[in-house]
Amino acid sequence: MSACAVLYLASASPRRRELLSLLDYPFDVLAVDVEEQRQPDELPAEYVQRLARDKSQAGWLACGGQKPVLGADTIVVFEQEVLEKPRDFADAQRILQLLSGNTHTVMTAVALSSELDCEVVLVSSQVTFRKLTPEEIRRYWQSGEPADKAGAYGIQGIGGKFVSHLSGSYSAVVGLPLLETDLLLQKVLSPLMTSDY
Ligand SMILES: Cc1cn([C@H]2C[C@H](O)[C@@H](COP(=O)(O)OP(=O)(O)OP(=O)(O)O)O2)c(=O)[nH]c1=O
């Protein structure tokens, strides 16, 4: 625990930890357990924002409202289908075949709970993949990279070689949009900060 932390990050994602470290706000990490299950009529944009809010609010409860809590969620959406983390190789194969040669949307929502309220920001990016061969997909799965990532790929890793075009926020695709998160933290934390920060 860092004595000077001004917020908690409610996330087990090493990518989110690294990205948040690039901003100017000392933080501690908090573990939360939130069920990721889309409701039947829930739109992808509503779903990703609800999950970010749920993570942030679960953290706010867990720390007893000590400090603001940031939570985030990332989903990949292709033709209205939400493609989350692959369950197994067959699922990753199906997902990567859908993404092959097509453009999909990556939605990342960031939520910050504090004594003021819970503010949520949504960032959508468009990512285009070149065509992938079945052999490439098989080898990519064997690298281990797709297993813990929405859409079964990591743009920051080997998966970067599949991306022919990106329109939007690279850091949001990796899991935490730097620009929008920084603005949210400035807005919410500034009025709460003490002079010794
Ligand atoms: C599309 C894409 C996703 N991802 C990652 C970001 C997220 O960590 C993950 C999506 O799963 P999430 O459920 O958003 O996050 P998580 O379970 O990893 O972490 P936590 O809920 O504890 O915060 O996929 C990449 O790292 N690179 C990519 O290119």
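Which residue with a positive phi follows α3? It is Gly101, with phi near 75°. That glycine is a good place to start a short tour of this predicted model, and the helix before it comes next.

**Helix α3 and its surroundings**

Helix α3 spans residues 89-99, and its buried residues are Ala92, Ile95, Leu96 and Leu99. Looking down the axis of α3, you will find these buried residues within an arc of 95°, so they line one face of the helix. Several elements take part in covering them: the strands β3, β4, β5 (103-113) and β6 (118-129), together with the helix α4 (134-142).

**The loop between β3 and β4**

Two of those covering strands, β3 and β4, are also joined by a loop worth a look. Strand β3 covers 69-78 and β4 covers 81-83, with Glu79 in the loop between them. Gln80 sits in this β3–β4 loop as well. Neither a glycine, Glu79 and Gln80 have positive phi values, as the table shows.

| Residue | Phi | C-beta atoms within 10 Å |
|---|---|---|
| Glu79 | about 45° | 8 |
| Gln80 | near 70° | 8 |

Are these loop residues buried or exposed? A residue counts as exposed if 12 or fewer other C-beta atoms lie within 10 Å of its own. Glu79 has 8 such neighbours, so it is exposed. Gln80 also has 8 C-beta neighbours inside 10 Å and therefore counts as exposed.

Conventions:
Residues are numbered from 1 along each chain as its sequence is written. This is a predicted model: local features need pLDDT of at least 70, side-chain atom pairs count only at pLDDT 80 or more; totals for chains, interfaces and linings use all residues. Helices (H or I, at least four residues) and strands (E, at least two) are DSSP runs, numbered from the N terminus. A residue is buried if 20 or more other C-beta atoms lie within 10 Å of its own, exposed if 12 or fewer, and partly exposed in between; C-beta atoms are placed from the backbone. The arc is that of the directions from the helix axis to the C-beta atoms. Two residues are in contact if their C-beta atoms, placed from the backbone, lie within 7 Å.
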